[in-house]
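Q: Could you take me on a close tour of one helix in this model, and of what surrounds it? I'd like to see how it packs and what happens where it ends.

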Amino acid sequence: MFNEEGRMEALRENVSSHKHFLLDGFVELGALRPVLFIPFFIMFVLSQLANSLLLYVIISQKSLHSPMYILIAGMACVDLSLPLFFVPNMLLSFLFDWRGISLSGCLVQMHFIHFVGAFQSTLLVWMALDRYFAICTPLYYHERMALPRFLKFIIPLVVRNVLMITLFVSLAGTLSFCAANVINHCFCEHMAVVKLACGNTSINNLVGLLAAFLIPVADFIFIAASYVVIFSSVLSSGRSGVKALHTCVTHIVVITVSLTIALVAFLSYRIRNGLPATTRVFFSTMYLLFPSCFNPIIYGIRTTEIRQHILKILTCYRFVQAVNYS
């Protein structure tokens, strides 16, 4: 009787003690783990500088205050803010081995990462709509891209993102963690946390899959359908249509790169495979960080108007520097 009571008391203490977690991503690297600070710090600084420059150019140049560039600025805001929710904490973990995070802190981080991350694909949907209106219905472009009319495309997707992300994060907050409190990841990724829970997590897995289908998969299907219509229209419109298609290629490059990394990261947690834990964590981290570095560079290089203004700003900066040194 005493042994049974002692076992139950120990179990209760174990369950109640798991309000604190250790983020143990890349622990398999051992003594080499601190070296990861260098590449991830470089990527973080690059993402912040590139997105800040892109935002500054679009905000400061009145000629860029059109719907297409405002949507690119929105993507830059997402790419600027998303790394802030996990990279500083990850860098401190690499340098000083500060790996602890509370359950509430973990859920807050999970919510912000997934919520802001969901808008990467959502913004690509809005960009696809912008290109569809510009190329397929050019005479009505400004009328359909006016904010009051465009809100009917904005509000439903925003509500969808809020509901789905809040739902699966809330469900994760109701779980009991009585087996282990070490998250083999660099941040609180949904499935990495759910895998630690004791008891039935089928609802969490189902809602996670539903969120994946209703947000990135549904967005990709809509984007693909939009570009099929756009390409069909371009093929029948002649040279002017081909010239207009140039702006679509930039979006397609961004979509392809982002979706490929996201798909690998998503499948690595849900399909039995021989991927090492370090590889899985790497792809999950790159899914969030790499687009933040890649997107502003692609938009800056491939979008002629933005590239010209960036070159003008850099040229003026060099001229000022040369005058100060002379």
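A: Let's start with a term: a contact here means that heavy atoms come within 4.5 Å of each other. The structure is a predicted model, so local features are described at pLDDT of at least 70 and side-chain atom pairs at pLDDT 80 or more, while totals for chains, interfaces and linings use all residues. Residues are numbered from 1 along each chain as its sequence is written, and side-chain values use heavy atoms, with hydrogens and water left out.

First, the setting. The protein has 13 helices and three strands, where helices (H or I, at least four residues) and strands (E, at least two) are DSSP runs numbered from the N terminus. Among its contacts with a separation of 6 or more, 78% are between residues 24 or more positions apart. Of the 326 residues, 43% are buried; buried means under 20% relative accessible area, exposed means over 50%, and partly exposed lies in between, using a 1.4 Å probe and protein chains only. The accessible surface comes to about 16800 Å², with 72% of it belonging to carbon and sulfur atoms; such areas come from the Shrake-Rupley method with a 1.4 Å probe, and for residues only the protein chains shown count as cover.

Now to your helix, α4, which covers residues 87-96. Its buried residues are Val 87, Met 90, Leu 91, Ser 93 and Phe 94. Looking down the axis, these fall within an arc of 155°, so they line one face of the helix; the arc is that of the directions from the helix axis to the C-beta atoms. What does that face meet? The buried residues pack against β1 (20-23), α2 (37-60) and α12 (277-302).

Phe 40 is a good residue to click on here. Leaving aside neighbours within four places in sequence, Phe 40 contacts Met 90, Leu 91 and Phe 94, along with Phe 26, Thr 285, Met 286 and Leu 289. Phe 40 and Trp 126 touch the most other members of the largest nonpolar core, which has 62 residues. Helix α5 (residues 103-136) gives the most to this core, with twelve residues. A second, separate core of 25 residues includes Phe 21, Leu 23, Met 110 and Phe 168. A nonpolar core is a set of buried Ala, Val, Leu, Ile, Met, Phe, Trp, Tyr and Cys residues joined through side-chain atoms within 4.5 Å.

From the α12 side, take a look at Leu 289, which sits in that helix and is buried at 0% relative accessibility. Not counting residues up to four places away in sequence, Leu 289 touches Val 87, as well as Phe 40, Met 43, Pro 83 and Phe 86. The C-alpha atoms of Leu 289 and Leu 82 are 7.9 Å apart, with their positions 207 residues apart along the chain. Ser 292, also in α12, is buried at 0% relative accessibility too. With residues up to four places away set aside, Ser 292 touches Ser 47, Asn 51, Asp 79 and Pro 83.

Next, follow the chain out of α4. The helix is followed by Asp 97, whose phi is positive, near 60°. This brings us to salt bridges, meaning a side-chain nitrogen of Lys or Arg within 4 Å of a carboxyl oxygen of Asp or Glu. By this rule there are six. One joins the side chains of Asp 24 and Arg 99 (2.2 Å, N to O). That pair links distant parts of the chain: Asp 24 is in the loop between β1 and α2, and Arg 99 is in the loop between α4 and β2 (100-102), 75 residues apart. Asp 24 is buried, with a relative accessible area of 11%.

Another bridge joins Asp 97 to Arg 33 (3.9 Å, N to O). This pair, 64 residues apart, again links distant parts of the chain, with Asp 97 in the loop between α4 and β2 and Arg 33 in the loop between β1 and α2. Asp 97 is partly exposed, with a relative accessible area of 45%, whereas Arg 33 is buried at 7%. Elsewhere, Asp 130 and Arg 131 meet in a salt bridge (2.8 Å, N to O); Asp 130 is buried at 1% relative accessible area, and Arg 131 is buried at 8%. Back beside your helix, salt bridges that share partners join Asp 24, Arg 33, Asp 97 and Arg 99 into one network.
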